[in-house]
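Student: I would like to learn how to read a few side-chain features. Could we go through them one at a time?

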Amino acid sequence: MLIEWLAISPYISETVLLSLALFILSKELKWKARWKAWIPGLRMYCLGESLSQTRDGVIYGILDFVYILTLFIDLPVVNESNLPIILLLALILNIFVLIYKLRMFLELLKFYEARKAWIIPFLIISWLPLMIFGLSKKYEPKHENIKEENWQAGSKPSGEIDELCEAVPLVNEGLSIQIRQRTVRDFGKTRYLLKDIALNIPEKSLVLLLGGSGSGKTTMINAVIGYEKADAKILLNGEDVYTNEEVVKHNIGFVPQQNLVRGKDTVLRTIDDAAKIRLPNSVSRKDKREKISEVLDLLGLSSGKAGLVSKKSGGQLRRICIATELITDPELFVLDEPDSGLDGAISREIFLRLRKIADDGRIVIVITHTPDRVIDLFDKVIILARDSDRVGRLCFYGAPQEAREFFERDTMEQIVRSVNAKDEGGEGRADEMIKKYTEQVISGKGGQTS
C-alpha cells in the first residue's frame, strides 16, 4: 500500500498545484465560483468557458476527470493477455490529455499575449507557467475576449407572455416578423438570445437596425432570413420564409461585412458569374445580360466593369458585393455594415444607392455603426436592447423622428447609449424603454403602422 501511495504521490502533488494555479488564474479570468478550480474535470471546463473554447473545455474536462480517477481505482488483474490492452488505453488517454492540454494552453498564451516559448516549461511542469501568469504583473489577460457570465445570453426568459407577438398581427404584404424566442442549448442550459419581437415592414422601406453589443442584431437577421431558425413566423409578401424556404430564398439577398469576391476577376465577370449561379435556368441569356447591365448602371459600376476587382476602391468593392446579391432582384435585401471602413462621402453614396434600391419596391434592412450621417435616408428604425435578464428585446420600431421623440434624444447614437448597460458607458434604461414601447404598442400608440 505504501509503495502504491509513493508511486502516485507525484501525480497527486501535480494536480493539487495545478488546481492552485487555476485558482489564482480564476480571479483574472472572472470565474464567479473560484472553488471550481479544485474539482478535477470541472476546472478544465471552466477554463475552456473563460477562453471561449467551451467544446475543448468539455472534452479536456472529461479527460482530466478520467485521468485523475485512474490514479485512485484498482486496475483489473494484469496478466499477459490484458497487459497490451491496458497499456494501449493508457497511451491513448495520455495522448488525448496532451493534445487538449496544448490546445488550451495555446489559447491561454493568446489571452496573455505571451510567447510560444512558454510551451516548453508547460510540458515539463504544467502548473508553473499558469502560476506565473496569475501572479506576475507583467502578464495581463485581454479582458475584452474573456467569456464572462454577464455577456452570455440569459438562462431564463424575460417575461412569460409574448405581448408584442399577440399585439402585432401578421400581414401578407411586405415583411412580417413574429419572433417568440430564439434559444440555444449551452451544455444543459437553455439560453435566450431573443424574445418577443414583432413588427411589420412595408415595401419600399429602407430600415435601420440598431442596438448595443449583445442586443441580438445579427441573431435577429439570421432568424429573419432563415439562416438560423427561431421559434418564429416570418412572412415575406405572404410567403412563409421557414416552410417555403426553397421558394423564398431566391427572394432574399444578404451582404455580409466581408467583401467575398475574387480580386483577379473583372467586375463584369464577377457579376456575370453571380448571375449564372443564382438566377434560375429558365432565365434566358439575353435577359441575364439585360439584368447585369441594369444592376451595373444602378450601382454606378458600368464605366469600370472591365477593370479587375482587386484594383477597385473600398466603396467600389462594397458596391460590387451589393451587385452580386442584387442580381436576383430580391424582395428583401439585408446588409451588415455596408459602409464599414468608408469615409463619410463614400458612405453616403452607398446609402443613396440603397435608397434607390428600396424605392424600386424592395425592403432594405441595414446594420451600421455610423447611423447619424445618413439617418435622413431611412424610413424606419428598429432598436434592439439587452434587458436585465440578458435577452435581446425590441424596444422601438418606427420612423427616426418618432424614435427621437420616444427616447427624448437628438441622435441615434445617443438613443443606443441610453439603452446600453451602465458598465458599457450607457444609461442602463433598456428595461424601462422595452416596457414603455410594449405598452404603447398594446394600447395602439406604437410605431407599428406603415
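Student: Does glutamate 166 count as buried or exposed?

Tutor: Keep in mind that this is a predicted model. Exposed means over 50% relative accessible area. Glutamate 166 has 57% relative accessibility, so this residue counts as exposed.

Student: With which residue does glutamate 166 form a salt bridge?

Tutor: To find a salt bridge, look for a side-chain nitrogen of Lys or Arg within 4 Å of a carboxyl oxygen of Asp or Glu. Here the partner of glutamate 166 is arginine 180, and their closest N and O atoms are 3.7 Å apart. Glutamate 166 belongs to helix 7 (residues 163-167) and arginine 180 to strand 1 (residues 175-186), so the salt bridge ties together parts that are 14 residues apart in sequence. Arginine 180 is partly exposed, at 26% relative accessible area.

Student: How many salt bridges does the structure hold?

Tutor: There are 20 salt bridges in the structure.

Student: Which residues are joined into one network by salt bridges that share partners?

Tutor: Take the pairs before the network. Arginine 429 meets glutamate 427 in a salt bridge, with 3.9 Å from N to O. Arginine 429 also meets glutamate 432, and there the N to O distance is 2.8 Å. Both glutamates are partly exposed: glutamate 427 has 31% relative accessibility, and glutamate 432 has a relative accessible area of 43%. Through shared partners, Arg409, Glu427, Arg429 and Glu432 form one network of salt bridges.

Student: What is the nearest side chain of opposite charge to lysine 217, and how far away is that side chain?

Tutor: For a charged residue, check burial and then look for a partner. Lysine 217 is buried but has no salt bridge, and the nearest side chain of opposite charge is that of glutamate 337, 7.5 Å away. The residue sits in helix 8 (residues 217-225).

Student: Which backbone oxygen lies 2.9 Å from a polar atom of the lysine 217 side chain?

Tutor: That oxygen belongs to glycine 211. Beyond neighbours within four places in sequence, the residues in contact with lysine 217 are Leu209, Leu210, Gly211, Gly212, Ile367 and Leu384.

Student: Which residues form a nonpolar patch on the surface?

Tutor: For a patch, read the residues as a group and take their area together. The members are Ile85, Leu88, Leu89, Leu91, Ile92, Ile95, Phe96 and Ile99, with about 730 Å² of accessible area together. One of them, isoleucine 85, is found in helix 4 (residues 83-112).

Definitions and conventions: Residues are numbered from 1 along each chain as its sequence is written. This is a predicted model: local features need pLDDT of at least 70, side-chain atom pairs count only at pLDDT 80 or more; totals for chains, interfaces and linings use all residues. Side-chain values use heavy atoms; hydrogens and water are left out. Patches are made of residues with over 30% relative accessible area and no salt bridge: like charges are joined within 9 Å, nonpolar side chains (Val, Leu, Ile, Met, Phe, Trp, Tyr) within 5 Å. Accessible areas come from the Shrake-Rupley method with a 1.4 Å probe; for residues, only the protein chains shown count as cover. Helices (H or I, at least four residues) and strands (E, at least two) are DSSP runs, numbered from the N terminus. Buried means under 20% relative accessible area, exposed over 50%, partly exposed in between (1.4 Å probe, protein chains only). Lys and Arg count as positive and Asp and Glu as negative; His and the chain ends are not counted. A polar contact is a pair of N or O atoms within 3.5 Å; within protein, one must be able to donate a hydrogen and the other to accept it, and residues adjacent in sequence count only if both atoms are side-chain atoms. Contact means heavy atoms within 4.5 Å.
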